[in-house]
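The following exercises ask the reader to work through a structure step by step. Each task is followed by a full solution.

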Amino acid sequence: MNSRIAHIATNTFREAVRDRVLYNLIAFALLLSAAAILIGQISIDVERLVVVNLGLTAVSLFGVVIAIFIGIGLVSKEIEKRTLYTVLSRPVRRWEFIVGKFFGLAGTLVVNTFFMGIGVFGALLYVAHRFHASDALILVALYFIVLEFFIICSLSLLFSSFSTPMLSAVFAFSLFVIGSFADDLRGFAAISHGLTHWVATAVAYLVPNFSALNVISAVAHQQALSPQLILQNTLYAAFYTVMALSGAVLIFERRNLK
Amino acid sequence: MAAIEILALEKTYMVGFWRKRPKRALHPLNLTVEDGEIFGFLGPNGAGKTTTLKILMGLVFPTAGSARILGRDWSDPEVKAQIGFLPEQPYFYDYLTAHELLDYYGQLSGVPAKERKRRVEEMLSRVGLQDVKGVQLRKFSKGMLQRVGIAQSILHDPKLVFLDEPMSGLDPLGRRDVRDLIEQLKQEGKTVFFSTHILSDAESLCDRVAIIHKGELRGVGAVEDLTSAVQGKIEVIWQGTQIPSSMKALGAECYVSGETVRAALPENQQDAAIDALRRERIRLIAITPLRTSLETYFVEKLQHSQTTAGKTS
């Protein structure tokens, strides 16, 4: 990685840590511990399923909230506070700034997910007393969740490069919700006709397909995941992230920083 | 080679929400700053100083025109390794300490690690922040932040330093420190381009100044020339508050200031004035050619532009 991008990414990560973003891990740990103890007492034979479902959903939601609320401020906050002036007056290209910011936030979310993943496995061990070979699938689910974060980070950055933080949050969260139902949208497009068919198809393929990245239920039920799906989702997330980041760079390259 | 060459640089913003209309922030600006000089960019608030600086820093894009900095196009990122910039009322990452911030900027400027460590310490000492280098910037006062800003602008040993209102918001001691620093930079052979609306600072520091008002260049020249002697007039200064009637008869314009009197009068009346003061046994302090101050020049340029604008409208 270009050294300037690495320095910007490191500084973004340091900002998140010093702004106590990782404190969410405490809330997550408390939530999961309480759930594990409660579930251990009230459920019979489905403890694993409930803990995996609850744990992974919490990992996803906590991460999405962080990705959106930090992502939307990555550029706009720097413009508003004018911290960007002393960065861009150095030999830093605008695209390097955007990419560095992305990696900084993505790194924060990876670290966050790593610790939350340990929490999920800890809770699982507490209720099931031992690990099964199928528990390795949780790692795949966590990987898909991280891919989901990358897409949301890049989208937040894209919106942040031309809009206000409030509108960016609305756009990013709306896309997250719509994208979570992308499969249903594609189903609707398939059965509709005329103009509705074309509009629904266009929207269904334009919004990020988060439903393809959501394998929480399958993993909770110990259903196998094909290597093809892993490859497909990896390529899809990489493509979508690069596209959104390219959009952010294109807009930001032309923006006057008044 | 000129340090800065600005060629017909122009900026028009589109303002309004529904019906966008153009608002010209900078009329075509032509300006040259020579290598090694301290150049003052003067103008009242909203004159276009910061817009010009932002264009040169690549923060705002010009509508037309171009600029060359150290012989390269303003948009060339490589040129930025050789320039330093202090924005107006700077704000920095307040979760960092002064040491961390300077180290970060050193990294972005491409200063090698070993040299960076030495230079960061050197800069902290130079701006008097060595004792608080481990304190987060959110606990810094405005004056301390300005010092951090100056340190970051010269950290990478740039050839050309842009300072936007560097004395703004500083107490008298802080202003003196900044003045000393600018003079040191000149001694080190650096070119300093600074914008200000504090004319006394510009008069005492600058080799040349440019005056900008409402986005238009109103005048440019060496401070010595702009404050040049008023043709055929002298200033006589004497001790006391007494103004002899014989001085008034010579057509002198007298001003009492504390324990001295200043009188402006025609050059050919010099001997008569000395005789008049001797007769009254008044102690003469000085006789000098009368010079216009930079402030007088500045006000004249601004008033002239307002008059012209009034006539054209």
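Two strands are said to pair if DSSP finds at least two bridges between them. With that rule, strand 3 of chain B pairs with strand 9 of chain B, since 4 bridges join these strands, which run parallel. The model in these exercises is predicted.

**Exercise 1. Describe the overall make-up of chain A.**

Step 1. Count the elements. Chain A contains 13 helices and 0 strands.

Step 2. Consider the dimensions. Along the principal axes, the C-alpha atoms of chain A fill a box of roughly 60 × 55 × 30 Å.

Step 3. Compare with a globule. For 258 residues, a compact globule would have a radius of gyration near 18 Å, and the 20 Å of chain A agrees with this.

Step 4. Examine burial and contacts. In chain A, 41% of the 258 residues count as buried. Of the contacts in chain A with a separation of 6 or more, 85% come from residues 24 or more positions apart.

**Exercise 2. Give the corresponding description of chain B.**

Step 1. Count the elements. Chain B has 10 helices and 14 strands.

Step 2. Consider the dimensions. The C-alpha trace of chain B spans about 75 × 55 × 40 Å along its principal axes.

Step 3. Examine burial and contacts. Of the 313 residues in chain B, 38% are buried. When contacts in chain B between residues at least 6 apart in sequence are considered, 68% join residues at least 24 apart.

**Exercise 3. Determine the order of the strands in the open sheet of chain B, and identify its edges.**

Step 1. Establish the order. The open sheet of chain B is formed by 6 strands in the order 6-7-8-3-9-10, with mixed pairing.

Step 2. Find the edges. Strand 6 (83-86) and strand 10 (216-222) of chain B each have a single partner strand, so one side of each is left without a neighbour in the sheet.

Step 3. Note the twist. On average, and with direction ignored, neighbouring strands of this sheet are turned by 15° against each other.

Step 4. Follow the pairing from strand 3. Strand 3 (residues 38-42) of chain B runs parallel to strand 8 (residues 191-196) of chain B, and 5 bridges join them. Within this pair, F41(B) has S195(B) as its bridge partner. Towards strand 9 of chain B, F39(B) stands opposite R208(B).

Step 5. Continue to the edge. Strand 9 and strand 10 of chain B pair in the antiparallel sense over 6 bridges. Here the bridge partner of R208(B) is A222(B). The two strands form a hairpin with 2 residues between them, and K214(B) in the turn has a positive phi of about 50°.

**Exercise 4. Explain why strand 9 of chain B is described as largely enclosed, and examine the helices that lie across the sheet.**

Step 1. Apply the criterion. A residue is buried if 20 or more other C-beta atoms lie within 10 Å of its own. In strand 9 of chain B, 6 of the 6 residues are buried, so this strand is largely enclosed by the rest of the structure.

Step 2. Inspect the faces. R208(B), A210(B) and I212(B) are buried on one side, and V209(B), I211(B) and H213(B) are buried on the other.

Step 3. Place the helices. Helix 1 (residues 49-57) of chain B lies across several strands, including strand 9 (208-213), and runs at about 145° to strand 7 of chain B. Helix 5 (residues 172-187) of chain B lies across strand 3, strand 7 and strand 8, at about 150° to strand 8 of chain B.

Step 4. Add a helix pair. The axes of helix 4 (residues 142-154) and helix 5 of chain B are 11 Å apart, with an angle of about 10°. These two helices of chain B are therefore roughly parallel to each other. Their contact has 5 nonpolar, 3 polar and no charged residues.

**Exercise 5. Analyse how the two chains meet.**

Step 1. Count the residues. In the contact between the chains, 23 residues of chain B touch 21 residues of chain A. Helix 2 (residues 98-108) of chain B gives the most to its side, with 4 residues. The side of chain B that touches chain A comprises 16 nonpolar, 5 polar and 2 charged residues.

Step 2. Examine a helix pair. The axes of helix 1 (residues 3-18) of chain A and helix 2 of chain B come within 9 Å and cross at roughly 155°. These two helices are therefore roughly antiparallel to each other.

Step 3. Name the residues. R4(A), H7(A) and N11(A) meet Y104(B), Q107(B) and L108(B). By class, the residues of this helix contact are 2 nonpolar, 3 polar and 1 charged.

How values were computed: Residues are numbered from 1 along each chain as its sequence is written. Chains are lettered from A and ligands numbered from 1 in the order in which they are written. This is a predicted model: local features need pLDDT of at least 70, side-chain atom pairs count only at pLDDT 80 or more; totals for chains, interfaces and linings use all residues. Two residues are in contact if their C-beta atoms, placed from the backbone, lie within 7 Å. Ala, Val, Leu, Ile, Met, Phe, Trp, Tyr, Cys and Pro count as nonpolar, Asp, Glu, Lys and Arg as charged, and the others, Gly among them, as polar. The radius of gyration is taken over C-alpha atoms; the globule rule is 2.2 Å times the number of residues to the power 0.38. A residue is buried if 20 or more other C-beta atoms lie within 10 Å of its own, exposed if 12 or fewer, and partly exposed in between; C-beta atoms are placed from the backbone. Axes are lines fitted to C-alpha atoms, for helices over the stretch in contact, and angles run from 0 to 180 degrees between N-to-C directions. Angles under 35 degrees count as roughly parallel, over 145 as roughly antiparallel, 65 to 115 as roughly perpendicular and the rest as oblique.
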